[in-house]
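Please open the viewer and keep the selection panel at hand, since this tour moves from one selection to the next.

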Amino acid sequence: MISRSDWQILDCTLRDGGYYTNWDFSQECVDRYLEAVSCLPVSYIELGYRALPEYGKYKGAYYYLPLSYIESAREKLPADTKLGVMLDVKNCPPEHSAKLLQECQGLIDFVRLAADPRKLNVALELAYSIKRLGFEVGLNLMYLSSDYDKTNVLEEIQNNKGVCDIVSLVDSYGACYPTEVAQAVSLAKHILDVPVGFHGHDNLTLAFANALAALDAGADVVDGTLQGMGRGAGNLRTELIASYLESNLGNVPDFFAAAPALDHFSEMKMVHKWGAQIPYIIAGLNGLPQAPVMEWMSKKRFDMPAIVRALTTLGKDEDVQQQKKSGNVAKPLRDALPKLHDKKVVVVGGGQRLLNTRLE
């Protein structure tokens, strides 16, 4: 058992879980969620994304986080709980940061950035613009399994002292093993003079083991979500890591108060079916992205055997392995699925336009 008791928990249920609901959550769900995290030993709440509206694309409120939603959450959370949002670096130029965040001053404490290590300079530029607004900045370095000894990336962050308040290592594909996580965290702790966090996914059911390895190596913060709700196979379960933290302190978590929310998210899990299903396991074992797998499974366009066959084939493809290193595997993933050209399909519709349409 890890004897340290100075590490903390960040919960990002509505942000990471939004990948399953398109960031739409009922007010009842949110109220139960806020009540649960208020009684669990959670120090940081990442409420959702903050972004400018995209023409022609619909996403729910917790992707754009209107000010009233932030104000409501702030009123319902304990005063000592830090509240924050996430920005996606690829969709947020530095010149937009003031427009997105200025009205949040006094309501949120931190802003985290989802950053591709290969484009670190872009993330750092955005981080500087956010620091000037007075917020704490967290940098989430993605794709840990692709390169878990990112010495050059960590040194670049260290050379830009004062821009980040915490750096979190993200096992985006749920493909890391505890020894790799421990090595990555130890390296980060050696190079950086800011706290180090860990955000794990559960493709191989190793999110908890990886979190413990991160803590044992000196991590200061670990991310979790209620019932593990999160992109693809999901995340470390907040209630599980909270129990571990409390047991370290000789306490018992208040699961009675958290039970309504946990029950609610358990029902959501039955609908959305996140968790370590076979396609996510195969993707994790081969270090493949979760997003396309999640899309295939959720839209029911292909049956499970077809998805498994495609992923299994891809995992052995040398060209795909080469493209993994550059982060460009979306097209080969799509191409691996069976085509519908030779399949009989039923099209429901009417009118002359349908008759004139050629199915591709």
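In which sense, right-handed or left-handed, does helix α8 cross α9? Before looking, bear in mind that this is a predicted model, and that two packed helices are described by the angle between their axes and the distance between the axes.

**First stop: α8 and α9**

Select residues 151-159 for α8 and residues 178-191 for α9, and turn the view until one helix lies in front of the other. The crossing in which α8 passes α9 is right-handed. The two helices pack with their axes 10 Å apart and at an angle of about 30°, and since angles under 35 degrees count as roughly parallel, α8 is therefore roughly parallel to α9. To see the contact itself, show the side chains of T151, L154, E155 and Q158 in α8 together with L187, A188 and I191 in α9. Sorted by kind, the residues of this contact are 4 nonpolar, 2 polar and 1 charged.

**Second stop: α9 and α10**

Keep α9 selected and add α10, which covers residues 207-216. Here the axes are 8 Å apart, and the angle between them is about 30°, so α9 and α10 are also roughly parallel to each other. The crossing of α9 past α10 is right-handed. On the α9 side, show P178, V181, A182 and V185, which meet A209, N210, A213 and A214 of α10. The residues of the contact between α9 and α10 comprise 7 nonpolar and 1 polar, with no charged residue.

**Third stop: α7 and its surroundings**

Now select residues 120-131, which form helix α7. This helix has 12 residues, and the 16 Å from its first C-alpha to its last is close to the 16 Å expected at 1.5 Å a residue. Which residues of α7 are buried? Colour L120, A123, L124, L126, A127, S129 and I130, for these are buried in the model. To find what the buried residues of α7 pack against, add the strands β3 (82-88), β4 (110-115) and β5 (136-141), and then the helices α6 (97-101) and α8 (151-159).

**Fourth stop: V30**

Move to helix α3, residues 27-39, and pick out V30. Is V30 buried or exposed? Buried means under 20% relative accessible area, and V30 counts as buried because its relative accessibility is 3%. Leaving aside residues up to four places away in sequence, V30 touches L14, F25 and Y62. You can also draw a distance from V30 to A73, whose C-alpha atoms are 8.8 Å apart although the two residues are separated by 43 residues in sequence.

**Fifth stop: two loop residues**

Select T205 in the loop between β7 (196-199) and α10, and then Q227 in the loop between β8 (221-224) and α11 (238-248). T205 has a positive phi of about 55° although it is not a glycine, and Q227, which is not a glycine either, has a positive phi of about 55° as well. Their surroundings can be compared through accessibility: T205 is exposed, with a relative accessible area of 56%, whereas Q227 is buried, at 14%.

**Last stop: the whole chain**

Finally, clear the selection and show the complete chain, whose secondary structure comes to 18 helices and 8 strands. Of its 360 residues, 52% are buried. Among contacts between residues at least 6 apart in sequence, 77% join residues that are at least 24 apart.

Methods: Residues numbered from 1 in each chain as written. Predicted model: local features only at pLDDT ≥ 70, side-chain atom pairs only at ≥ 80, totals over all residues. Heavy atoms only, no water. Axes fitted to C-alpha atoms, helices over the stretch in contact; angles between N-to-C directions. Helix = DSSP H or I, 4+ residues; strand = E, 2+ residues; numbered from the N terminus. Parallel < 35°, antiparallel > 145°, perpendicular 65-115°, else oblique. Left-handed = near helix turned anticlockwise from the far one by under 90°. Contact = heavy atoms within 4.5 Å. Nonpolar A, V, L, I, M, F, W, Y, C, P; charged D, E, K, R; others polar. Expected span 1.5 Å × (residues − 1). Buried < 20%, exposed > 50% of the residue type's maximum accessible area, 1.4 Å probe, protein only.
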